[in-house]
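Student: I've just opened this one and I'm new to it. Could you walk me through it and tell me how each label is earned?

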Amino acid sequence: MRNKFFFSILVLAALLSACKDDSNTAGGSILEKEDEIYVRTDTFSISSSLVQCDSIVSMPDSFLLGEMENKYGTIHSDVLAQFACPIGFRYPENAKVEGVYLRLCYLTWFGDGNAPMGINAYEMTKGTFDYPTVYTTNIDVNQYVDMSQPAVLANEKIIIASQRNDSIYSAGDEKYFTMVRAKMSDDFTTKFFALRDFSSQEAFNRIFNGLYLTCENGSTTLLNIIDITIDVEYTFSYSKAGRDTTVKDTKSFYANSEVRQVNRIEYLNKQQTFEALLKDSLSYTYAVAPANIYTRLSFPMAKMQQRINSRLDGKRPYVNMAKVKVNVCNHADQTSNRDDWSQPASKMLLIKESAMQRFFSKRELPSDTCALLAELKKGADKYGNTEYYYSYDMSALLTNQLRHSANPDLMHMLLVPVDVISTTGNNGTTYIVSIKQQQTVSATQFMSAQNADDPMDVEVVYSGF
């Protein structure tokens, strides 16, 4: 019985082979014309251009603080932060304040770590944040801070990033974090210690809006801050065995995920930088993070739809393969210098330009019909030379797009550097939990799609049913 089964398969294979022709249809000689499956291949040119980015959605896991200049512009970055209310907390009745301190922790920095920089802080006396609201990095500080009021640090804190005088070891990360500790002014210390309504976060926000942290001196260093805390040091006494005992304690107020923090990011010479990079846009394009310049890839969707529909005789299109390779010119293992030190982004999102604001503000995840995620890869070109690139499978996205009744002349998509948070499930599968526009520093230089030596295109293998 088994031998008869295999014999039947061989006979069927022989019949199908005898029916093969050169019509690029599947089963073209044994199916009615309306039942034929067409398979076609076409190549379409892609164009690229530079796009300025005014801001990004601010949902930082760490905060840039400081100012730094390089070939991609002068970045100035500040932080506005709410602090979590220790709900239900009460100071002892006879507590006396010893001092209030601002504590910052950072793991890394960008730029020159040997140059001094000055940090200062101001109270947000004019307003605070509404937790559900989406805030962007071009936030207007003047809506929250009265800069005519004195700073709330006792003195401007001068630090040198590479001089790690006070460090904290994190066992979980197995790394040392540098701590910066600055004493608050006497007026702020008295005011903050007098706060007593810890019944809810809303009540606490009404009496303390938060702090604005900024760099007032230094233009060569950006700190990547991972922790912002206000520490209240106080003493209290109690009677034990007929003797008065004095105890020193600390209460910490954290700028954590329970409340809102916004990283304000400016490029001080943005237009000048953009125009300088634009001069060689026929050779190179760029994606500079955070919130500066993106590369736009434009796909000829109307032409693509017209061409594919005409070759499929009106059949429903299905894209079997369509890969786009974006070549990177600055290498991840190159030696950095002051003028061109930024490394390419490790992860790059290719997203429809029309969907970008919605995608990030609503915290969506990558999908085949809107946004495609790729990691920076290292390989070898046809000559055996090392190359770096991002690769995108656009088959599902183009299938969905081609089935629209009408398409624009050009479908614009942006290359956006992103940070990705993933988790591993019980079955060992890795899932993306969140994706955000990159809020640390990177600069990726791409080969332009119009580059004469290696123009960019997409080869589309498609079929019709």
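Tutor: Sure, strands first: they are DSSP runs (E, at least two residues), as helices are (H or I, at least four), numbered from the N terminus, and two strands pair if DSSP finds at least two bridges between them. This is a predicted model, where local features need pLDDT of at least 70, side-chain atom pairs count only at pLDDT 80 or more, and totals for chains, interfaces and linings use all residues. Residues are numbered from 1 along each chain as its sequence is written, and side-chain values use heavy atoms, leaving out hydrogens and water.

Student: What makes β12 and β13 a pair?

Tutor: Pairing takes at least two bridges, and strand β12 (residues 220-240) shares twelve with strand β13 (residues 243-254), in the antiparallel sense. Take Ser237: its bridge partner in β13 is Thr246. In the hairpin of β12 and β13, two residues sit between the strands, and Ala241 has a positive phi near 55 degrees.

Student: Why is Gln445 called buried?

Tutor: Buried means under 20% relative accessible area (exposed is over 50%, partly exposed in between; 1.4 Å probe, protein chains only). Gln445 comes out at 14%, so Gln445 counts as buried. You'll find Gln445 in strand β24 (residues 442-447).

Student: How do you know that the side chains of Gln445 and Tyr286 make a polar contact?

Tutor: That needs a pair of N or O atoms within 3.5 Å; within protein, one must be able to donate a hydrogen and the other to accept it, and residues adjacent in sequence count only if both atoms are side-chain atoms. The two side chains make theirs at 3.2 Å.

Student: Why is helix α7 described as largely enclosed by the rest of the structure?

Tutor: Count the buried ones: six of the eight residues of α7 (residues 395-402) qualify, so the label fits. Among them are Ser395, Leu398 and Gln401.

Student: And what makes something a nonpolar core?

Tutor: Such a core is a set of buried Ala, Val, Leu, Ile, Met, Phe, Trp, Tyr and Cys residues joined through side-chain atoms within 4.5 Å. The largest has 42 residues, and Phe192, Leu211 and Ile228 have the most contacts inside it. Strand β12 gives the most to this core, with seven residues. Apart from it lies another core, of 36 residues, including Tyr388 and Val460.

Student: Which residues does Ile228 touch?

Tutor: Contact means heavy atoms within 4.5 Å. Leaving aside neighbours within four places in sequence, the contacts of Ile228 include Phe63, Val79, Leu213 and Phe253.
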